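Q: I'm new to reading protein models, and I'd like a close look at one part of this one. Please start there and then work outwards.

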Amino acid sequence: MNDETMFDLPSEHERNIFGQFDAHLKLIEHELGVSVVPRNGRVKIIGEKQQIGRAKELLAMLLVLSERGNTITEQNVRYSLTLLKEKKEQEMVAIDREIILHTMSGRPIKPKTLGQKNYIDSITDNMITFGIGPAGTGKTYLAMAMAIRAFRTEEVSRIILTRPAIEAGEKLGFLPGDLQSKIDPYLRPLYDALYEIMGAEAFLKNSEKGLIEVAPLAYMRGRTLDNAFIILDEAQNTSPSQMKMFLTRIGFGSKVVVTGDRTQKDLPADQISGLDVACRVLGKIDEIGFCELTSKDVVRHPLVQKIVEAYEKYETRAGAKKIKASSTRPKAARRTGVS
(Lines give C-alpha, C1' and ligand atoms only; values in the text may rest on other atoms or scores of the structure.)
Protein backbone atom coordinates (compact mmCIF):
# COMPACT_ATOMS: atom_id res chain seq x y z
CA MET A 1 0.00 0.00 0.00
CA ASN A 2 1.31 3.45 -0.92
CA ASP A 3 1.99 6.15 1.61
CA GLU A 4 1.65 9.86 1.06
CA THR A 5 3.06 13.03 2.58
CA MET A 6 3.04 16.79 2.02
CA PHE A 7 6.02 19.00 1.16
CA ASP A 8 6.06 22.81 1.22
CA LEU A 9 6.97 24.11 -2.24
CA PRO A 10 6.28 27.84 -2.70
CA SER A 11 4.34 28.49 -5.89
CA GLU A 12 6.94 31.03 -7.14
CA HIS A 13 9.50 28.21 -7.35
CA GLU A 14 7.17 25.50 -8.60
CA ARG A 15 7.48 26.23 -12.33
CA ASN A 16 11.28 26.54 -12.14
CA ILE A 17 11.64 23.21 -10.35
CA PHE A 18 9.04 21.29 -12.35
CA GLY A 19 10.33 22.62 -15.69
CA GLN A 20 8.58 23.59 -18.89
CA PHE A 21 5.50 21.41 -19.45
CA ASP A 22 6.43 19.66 -16.15
CA ALA A 23 9.36 17.93 -17.87
CA HIS A 24 11.46 17.84 -14.68
CA LEU A 25 8.49 16.64 -12.62
CA LYS A 26 7.88 13.74 -15.02
CA LEU A 27 11.57 12.81 -14.81
CA ILE A 28 11.48 12.84 -10.99
CA GLU A 29 8.31 10.73 -10.91
CA HIS A 30 9.76 8.23 -13.39
CA GLU A 31 13.15 7.88 -11.67
CA LEU A 32 11.82 7.64 -8.10
CA GLY A 33 8.56 5.81 -8.79
CA VAL A 34 6.36 8.38 -7.05
CA SER A 35 3.49 10.68 -7.94
CA VAL A 36 3.79 14.38 -7.12
CA VAL A 37 0.60 16.46 -7.02
CA PRO A 38 0.82 20.29 -6.63
CA ARG A 39 -1.57 21.79 -4.03
CA ASN A 40 -1.34 25.63 -3.72
CA GLY A 41 2.17 26.12 -2.33
CA ARG A 42 2.49 22.49 -1.27
CA VAL A 43 2.85 19.18 -3.08
CA LYS A 44 1.49 15.78 -2.19
CA ILE A 45 4.00 12.95 -2.74
CA ILE A 46 2.52 9.46 -3.15
CA GLY A 47 4.51 6.23 -3.26
CA GLU A 48 6.53 3.82 -1.17
CA LYS A 49 7.76 5.27 2.12
CA GLN A 50 11.49 5.12 1.21
CA GLN A 51 10.92 6.69 -2.21
CA ILE A 52 8.80 9.46 -0.70
CA GLY A 53 11.72 10.32 1.59
CA ARG A 54 14.09 10.46 -1.38
CA ALA A 55 11.66 12.64 -3.34
CA LYS A 56 11.45 15.09 -0.43
CA GLU A 57 15.26 15.28 -0.23
CA LEU A 58 15.47 15.89 -3.97
CA LEU A 59 12.82 18.62 -3.94
CA ALA A 60 14.54 20.25 -0.94
CA MET A 61 17.83 20.34 -2.89
CA LEU A 62 16.18 21.83 -5.97
CA LEU A 63 14.31 24.38 -3.85
CA VAL A 64 17.58 25.65 -2.35
CA LEU A 65 19.05 26.00 -5.86
CA SER A 66 15.95 27.84 -7.04
CA GLU A 67 15.96 30.18 -4.02
CA ARG A 68 19.55 31.12 -4.90
CA GLY A 69 18.36 32.36 -8.28
CA ASN A 70 19.36 29.37 -10.40
CA THR A 71 17.35 28.35 -13.43
CA ILE A 72 16.81 24.65 -12.83
CA THR A 73 17.87 22.58 -15.83
CA GLU A 74 17.45 18.93 -16.70
CA GLN A 75 21.16 18.53 -15.94
CA ASN A 76 20.56 19.84 -12.39
CA VAL A 77 17.76 17.35 -11.87
CA ARG A 78 19.64 14.38 -13.31
CA TYR A 79 22.81 15.15 -11.36
CA SER A 80 20.82 15.64 -8.14
CA LEU A 81 19.24 12.23 -8.72
CA THR A 82 22.74 10.75 -9.18
CA LEU A 83 23.93 12.29 -5.89
CA LEU A 84 20.79 11.03 -4.18
CA LYS A 85 21.54 7.46 -5.29
CA GLU A 86 25.11 7.84 -4.02
CA LYS A 87 23.84 9.31 -0.71
CA LYS A 88 25.66 12.59 -1.34
CA GLU A 89 22.56 14.76 -1.50
CA GLN A 90 24.07 17.62 0.54
CA GLU A 91 26.96 17.97 -1.91
CA MET A 92 24.74 19.63 -4.53
CA VAL A 93 23.95 22.51 -2.20
CA ALA A 94 27.63 22.89 -1.25
CA ILE A 95 28.78 22.87 -4.89
CA ASP A 96 26.41 25.70 -5.80
CA ARG A 97 27.81 28.09 -3.16
CA GLU A 98 31.01 28.92 -5.05
CA ILE A 99 30.66 31.53 -7.78
CA ILE A 100 33.83 32.09 -9.81
CA LEU A 101 32.56 35.24 -11.55
CA HIS A 102 29.69 36.53 -13.71
CA THR A 103 29.57 36.71 -17.49
CA MET A 104 28.88 39.98 -19.31
CA SER A 105 25.18 39.05 -19.34
CA GLY A 106 25.21 38.60 -15.56
CA ARG A 107 25.08 34.80 -15.57
CA PRO A 108 27.06 33.29 -12.69
CA ILE A 109 29.82 30.82 -13.58
CA LYS A 110 30.20 28.12 -10.95
CA PRO A 111 30.91 24.40 -10.72
CA LYS A 112 27.88 22.19 -11.30
CA THR A 113 29.26 18.79 -10.29
CA LEU A 114 31.60 17.33 -7.68
CA GLY A 115 34.20 16.71 -10.38
CA GLN A 116 34.07 20.34 -11.46
CA LYS A 117 34.30 21.50 -7.83
CA ASN A 118 37.43 19.38 -7.30
CA TYR A 119 38.85 20.78 -10.56
CA ILE A 120 38.34 24.38 -9.39
CA ASP A 121 39.87 23.57 -5.99
CA SER A 122 42.90 22.02 -7.68
CA ILE A 123 43.43 25.10 -9.84
CA THR A 124 43.27 27.25 -6.71
CA ASP A 125 45.66 25.09 -4.70
CA ASN A 126 48.24 24.01 -7.30
CA MET A 127 50.68 25.75 -9.61
CA ILE A 128 49.84 23.30 -12.41
CA THR A 129 46.55 21.45 -12.88
CA PHE A 130 45.75 18.80 -15.47
CA GLY A 131 42.02 18.67 -16.24
CA ILE A 132 41.32 15.45 -18.13
CA GLY A 133 37.91 14.29 -19.28
CA PRO A 134 35.38 13.94 -22.10
CA ALA A 135 33.72 16.70 -24.09
CA GLY A 136 31.13 18.79 -22.28
CA THR A 137 32.66 18.63 -18.80
CA GLY A 138 33.57 22.33 -18.76
CA LYS A 139 37.35 21.85 -18.61
CA THR A 140 38.28 24.81 -20.81
CA TYR A 141 35.42 27.10 -19.86
CA LEU A 142 36.02 26.83 -16.10
CA ALA A 143 39.77 27.25 -16.58
CA MET A 144 39.06 30.38 -18.63
CA ALA A 145 36.81 31.75 -15.88
CA MET A 146 39.51 31.12 -13.26
CA ALA A 147 42.08 32.87 -15.49
CA ILE A 148 39.89 35.94 -15.94
CA ARG A 149 39.18 36.10 -12.20
CA ALA A 150 42.91 35.94 -11.43
CA PHE A 151 43.52 38.66 -14.02
CA ARG A 152 40.81 40.94 -12.62
CA THR A 153 42.07 40.54 -9.04
CA GLU A 154 45.65 41.18 -10.26
CA GLU A 155 46.93 37.80 -9.08
CA VAL A 156 48.48 37.60 -12.56
CA SER A 157 49.35 40.35 -15.02
CA ARG A 158 48.34 38.53 -18.21
CA ILE A 159 46.49 35.55 -19.67
CA ILE A 160 47.97 33.24 -22.28
CA LEU A 161 45.75 30.72 -24.06
CA THR A 162 47.23 28.18 -26.42
CA ARG A 163 46.33 25.10 -28.44
CA PRO A 164 48.29 22.76 -30.71
CA ALA A 165 47.31 23.43 -34.34
CA ILE A 166 46.74 19.77 -35.17
CA GLU A 167 44.83 18.90 -38.33
CA ALA A 168 41.69 17.03 -37.22
CA GLY A 169 41.36 15.05 -40.42
CA GLU A 170 42.04 18.09 -42.61
CA LYS A 171 45.11 19.90 -43.89
CA LEU A 172 46.01 23.49 -43.07
CA GLY A 173 47.00 24.07 -46.67
CA PHE A 174 43.42 23.72 -47.85
CA LEU A 175 42.28 26.63 -45.65
CA PRO A 176 42.21 30.09 -47.28
CA GLY A 177 44.32 33.08 -46.25
CA ASP A 178 47.67 33.64 -44.57
CA LEU A 179 49.12 31.59 -41.71
CA GLN A 180 47.15 33.45 -39.02
CA SER A 181 43.92 32.93 -40.96
CA LYS A 182 44.69 29.22 -41.21
CA ILE A 183 45.39 28.95 -37.46
CA ASP A 184 42.44 31.02 -36.20
CA PRO A 185 39.82 28.23 -36.61
CA TYR A 186 41.76 26.11 -34.10
CA LEU A 187 41.67 28.95 -31.59
CA ARG A 188 38.04 29.98 -32.17
CA PRO A 189 36.62 28.12 -29.12
CA LEU A 190 38.99 30.10 -26.90
CA TYR A 191 37.92 33.40 -28.47
CA ASP A 192 34.25 32.47 -28.06
CA ALA A 193 34.65 31.78 -24.34
CA LEU A 194 36.58 35.04 -23.82
CA TYR A 195 33.89 37.08 -25.61
CA GLU A 196 31.12 35.51 -23.52
CA ILE A 197 32.83 35.94 -20.16
CA MET A 198 34.55 39.32 -20.46
CA GLY A 199 33.01 40.87 -23.57
CA ALA A 200 34.54 41.57 -26.98
CA GLU A 201 35.48 45.16 -26.13
CA ALA A 202 37.41 44.26 -22.96
CA PHE A 203 39.11 41.37 -24.74
CA LEU A 204 40.22 43.49 -27.70
CA LYS A 205 41.45 46.28 -25.40
CA ASN A 206 43.57 43.90 -23.31
CA SER A 207 44.68 41.96 -26.37
CA GLU A 208 46.03 45.13 -28.00
CA LYS A 209 48.04 45.81 -24.83
CA GLY A 210 49.47 42.29 -24.94
CA LEU A 211 47.77 41.38 -21.64
CA ILE A 212 45.67 38.61 -23.21
CA GLU A 213 47.24 36.39 -25.83
CA VAL A 214 45.66 33.59 -27.84
CA ALA A 215 48.27 31.72 -29.86
CA PRO A 216 49.22 28.30 -31.27
CA LEU A 217 51.45 26.18 -29.06
CA ALA A 218 54.38 26.50 -31.48
CA TYR A 219 54.55 30.21 -30.60
CA MET A 220 55.49 29.35 -27.00
CA ARG A 221 58.93 27.99 -27.87
CA GLY A 222 61.84 30.00 -26.52
CA ARG A 223 59.74 32.08 -24.13
CA THR A 224 59.69 32.32 -20.32
CA LEU A 225 56.21 33.07 -19.01
CA ASP A 226 56.28 34.91 -15.66
CA ASN A 227 53.28 36.17 -13.68
CA ALA A 228 50.79 34.73 -16.16
CA PHE A 229 47.77 32.43 -16.12
CA ILE A 230 48.44 29.97 -18.93
CA ILE A 231 45.92 27.50 -20.38
CA LEU A 232 46.98 24.73 -22.75
CA ASP A 233 43.82 23.37 -24.37
CA GLU A 234 43.40 20.11 -26.36
CA ALA A 235 46.63 18.81 -24.81
CA GLN A 236 45.94 15.26 -26.03
CA ASN A 237 47.16 16.52 -29.43
CA THR A 238 50.62 17.51 -28.21
CA SER A 239 53.70 15.39 -28.76
CA PRO A 240 55.84 14.53 -25.71
CA SER A 241 58.47 17.07 -26.83
CA GLN A 242 55.83 19.80 -27.23
CA MET A 243 54.43 19.12 -23.77
CA LYS A 244 57.91 19.23 -22.23
CA MET A 245 58.64 22.46 -24.09
CA PHE A 246 55.41 24.02 -22.82
CA LEU A 247 55.81 22.99 -19.18
CA THR A 248 59.39 24.25 -19.06
CA ARG A 249 58.27 27.75 -20.19
CA ILE A 250 56.62 28.39 -16.83
CA GLY A 251 58.14 31.20 -14.79
CA PHE A 252 57.67 32.74 -11.35
CA GLY A 253 54.19 33.79 -10.27
CA SER A 254 52.48 31.79 -13.00
CA LYS A 255 49.61 29.33 -12.85
CA VAL A 256 48.98 26.70 -15.52
CA VAL A 257 45.97 24.62 -16.51
CA VAL A 258 46.36 21.82 -19.06
CA THR A 259 43.12 20.39 -20.46
CA GLY A 260 42.61 17.37 -22.66
CA ASP A 261 40.40 14.47 -23.67
CA ARG A 262 42.29 11.21 -24.12
CA THR A 263 39.48 9.76 -26.24
CA GLN A 264 39.71 12.43 -28.97
CA LYS A 265 43.30 12.39 -30.19
CA ASP A 266 44.01 13.72 -33.69
CA LEU A 267 47.64 12.58 -33.71
CA PRO A 268 48.98 10.05 -36.22
CA ALA A 269 48.23 6.49 -35.10
CA ASP A 270 51.88 5.74 -34.29
CA GLN A 271 52.51 8.93 -32.26
CA ILE A 272 52.36 9.01 -28.45
CA SER A 273 50.37 11.82 -26.82
CA GLY A 274 52.31 14.30 -24.72
CA LEU A 275 49.37 14.37 -22.30
CA ASP A 276 49.62 10.62 -21.64
CA VAL A 277 53.37 10.86 -21.05
CA ALA A 278 53.00 13.86 -18.72
CA CYS A 279 50.43 12.04 -16.59
CA ARG A 280 52.83 9.14 -16.11
CA VAL A 281 55.96 11.24 -15.54
CA LEU A 282 54.59 14.02 -13.31
CA GLY A 283 52.07 12.16 -11.17
CA LYS A 284 54.05 12.32 -7.91
CA ILE A 285 55.30 15.91 -8.06
CA ASP A 286 53.94 18.36 -5.48
CA GLU A 287 52.11 21.45 -6.75
CA ILE A 288 50.82 19.51 -9.76
CA GLY A 289 47.20 18.39 -9.54
CA PHE A 290 45.43 15.84 -11.74
CA CYS A 291 41.63 15.95 -12.05
CA GLU A 292 39.86 13.17 -13.91
CA LEU A 293 36.40 14.30 -15.02
CA THR A 294 33.92 11.67 -16.20
CA SER A 295 30.63 11.39 -18.06
CA LYS A 296 28.90 12.30 -14.77
CA ASP A 297 30.45 15.77 -15.07
CA VAL A 298 29.04 16.49 -18.54
CA VAL A 299 27.01 19.70 -18.29
CA ARG A 300 25.90 20.06 -21.90
CA HIS A 301 22.64 18.64 -23.26
CA PRO A 302 21.83 15.27 -21.57
CA LEU A 303 22.19 13.63 -24.98
CA VAL A 304 25.91 14.51 -24.92
CA GLN A 305 26.28 12.55 -21.67
CA LYS A 306 24.57 9.54 -23.26
CA ILE A 307 26.85 9.78 -26.31
CA VAL A 308 29.98 9.94 -24.11
CA GLU A 309 28.81 6.94 -22.07
CA ALA A 310 27.98 4.94 -25.22
CA TYR A 311 31.45 5.59 -26.68
CA GLU A 312 33.10 4.68 -23.36
CA LYS A 313 31.30 1.31 -23.36
CA TYR A 314 32.13 0.70 -27.02
CA GLU A 315 35.82 1.54 -26.57
CA THR A 316 36.02 -0.63 -23.44
CA ARG A 317 34.55 -3.60 -25.34
CA ALA A 318 36.81 -2.96 -28.34
CA GLY A 319 39.86 -2.79 -26.08
CA ALA A 320 38.92 -6.05 -24.35
CA LYS A 321 38.48 -7.80 -27.72
CA LYS A 322 41.86 -6.51 -28.89
CA ILE A 323 43.61 -7.82 -25.77
CA LYS A 324 41.84 -11.17 -26.10
CA ALA A 325 42.79 -11.46 -29.77
CA SER A 326 46.45 -10.71 -29.08
CA SER A 327 46.59 -13.22 -26.21
CA THR A 328 45.15 -16.05 -28.33
CA ARG A 329 47.28 -15.34 -31.41
CA PRO A 330 49.79 -18.23 -31.92
CA LYS A 331 53.37 -17.26 -31.15
CA ALA A 332 56.04 -17.63 -33.81
CA ALA A 333 58.20 -20.72 -33.41
CA ARG A 334 61.49 -20.00 -31.73
CA ARG A 335 64.58 -20.42 -33.94
CA THR A 336 67.01 -22.88 -32.41
CA GLY A 337 69.70 -22.68 -35.08
CA VAL A 338 69.34 -26.45 -35.81
CA SER A 339 68.54 -27.16 -39.47
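Which residues do ring pairs link into a cluster?

A: Before we zoom in, keep in mind that this is a predicted model. The cluster you're after is made of Y191, Y195 and F203, linked through ring pairs. If you search the whole structure for aromatic pairs, you find four. Let's take one of them, Y191 with F203: the ring centres sit 5.8 Å apart and the planes meet at 75 degrees, so this pair is edge-to-face. An angle over 60 degrees is what earns that label. Now find the two partners on the chain. Y191 belongs to helix α8, while F203 belongs to helix α9, which covers residues 200-208, so the pair ties together parts that are twelve residues apart in sequence. Both Y191 and F203 are buried.

Helix α8 is a handy guide to the rest of the model, so let's follow it to the nonpolar core. The largest nonpolar core has 32 residues, and the ones touching the most other members are M144, L194 and F229. Helix α8 is among the elements that give two or more residues to this core, along with α6 (114-125), α7, β7 (158-163), β8 (212-216) and β9 (228-232). The top contributor is α7, with nine residues.

Try clicking on F229 to get a feel for this core. Setting aside residues up to four places away in sequence, F229 touches I123, A143, M146, A147, A150, V156, R158, I159, I160, K255 and V257. There is also another core, lying apart from this one, with 30 residues that include L25, L32, V36 and L81.

Back to helix α8, because there is a second place to follow it. In the lining of the largest pocket, α8 gives the most, with five residues. This pocket holds about 1,100 Å³ of space. Its lining has 42 residues, and those nearest the centre are G136, G138, Y141, V299 and R300. Besides α8 (179-198), the elements giving two or more residues to the lining are α4 (74-85), α5 (89-95), β5 (108-109), α7 (139-152) and β10 (255-260). What's the mix of residue types in that lining? There are 13 nonpolar, 15 polar and 14 charged residues.

The pocket's list also mentions α4, and that helix takes us to a cavity. A search of the whole structure turns up one cavity of 30 Å³ or more, and the space in the largest cavity is about 30 Å³. Its lining is made of Q75, R78, V298, R300, P302 and Q305. By class, that gives two nonpolar, two polar and two charged residues. Helices α4 and α12 (302-328) each supply at least two of them. You may recognise R300, which lines this cavity and also counts among the residues nearest the pocket's centre.

Two of the lining residues are worth a closer look. Q75 lies in helix α4, and with a relative accessible area of 11% Q75 is buried. Leaving out neighbours within four places in sequence, Q75 is in contact with K112, T113, V298 and V299. Q75 and K296 are 221 residues apart in sequence, yet their C-alpha atoms are 10.0 Å apart in space.

R78 also lies in helix α4, but R78 is partly exposed, with a relative accessible area of 28%. With neighbours within four places left aside, R78 is in contact with L27 and P302. As for K296, its C-alpha atom is 9.6 Å from that of R78, although 218 residues separate the two along the chain.

One last stop: two loops. Most residues other than glycine have a negative phi. E154 isn't a glycine, yet has a positive phi of about 65 degrees. You'll find E154 in the loop between α7 and β7, and at 71% relative accessibility E154 counts as exposed. E234 has a positive phi too, about 55 degrees, and isn't a glycine either. E234 sits in the loop between β9 and α10 (240-247), and at 27% relative accessibility E234 counts as partly exposed.

So, back to where you started: Y191, Y195 and F203 form the ring cluster, with Y191 in helix α8. That helix also gives two or more residues to the largest nonpolar core and five residues to the lining of the largest pocket.

Technical notes. Residues are numbered from 1 along each chain as its sequence is written. This is a predicted model: local features need pLDDT of at least 70, side-chain atom pairs count only at pLDDT 80 or more; totals for chains, interfaces and linings use all residues. Side-chain values use heavy atoms; hydrogens and water are left out. On a 1 Å grid over the protein atoms alone, a cavity is a set of points where a 1.4 Å probe fits but cannot get out, and a pocket is an open set with protein on both sides within 12 Å along at least five of seven lines; lining residues have an atom within 4 Å of a point. Grid points are joined across faces, edges and corners, and a volume is the space filled by probe spheres set on the points. Helices (H or I, at least four residues) and strands (E, at least two) are DSSP runs, numbered from the N terminus. Ala, Val, Leu, Ile, Met, Phe, Trp, Tyr, Cys and Pro count as nonpolar, Asp, Glu, Lys and Arg as charged, and the others, Gly among them, as polar. Rings of Phe, Tyr and Trp (its six-membered ring) pair if their centres lie within 6.5 Å; planes under 30 degrees apart count as stacked, over 60 as edge-to-face and the rest as tilted. Buried means under 20% relative accessible area, exposed over 50%, partly exposed in between (1.4 Å probe, protein chains only). A nonpolar core is a set of buried Ala, Val, Leu, Ile, Met, Phe, Trp, Tyr and Cys residues joined through side-chain atoms within 4.5 Å. Contact means heavy atoms within 4.5 Å.
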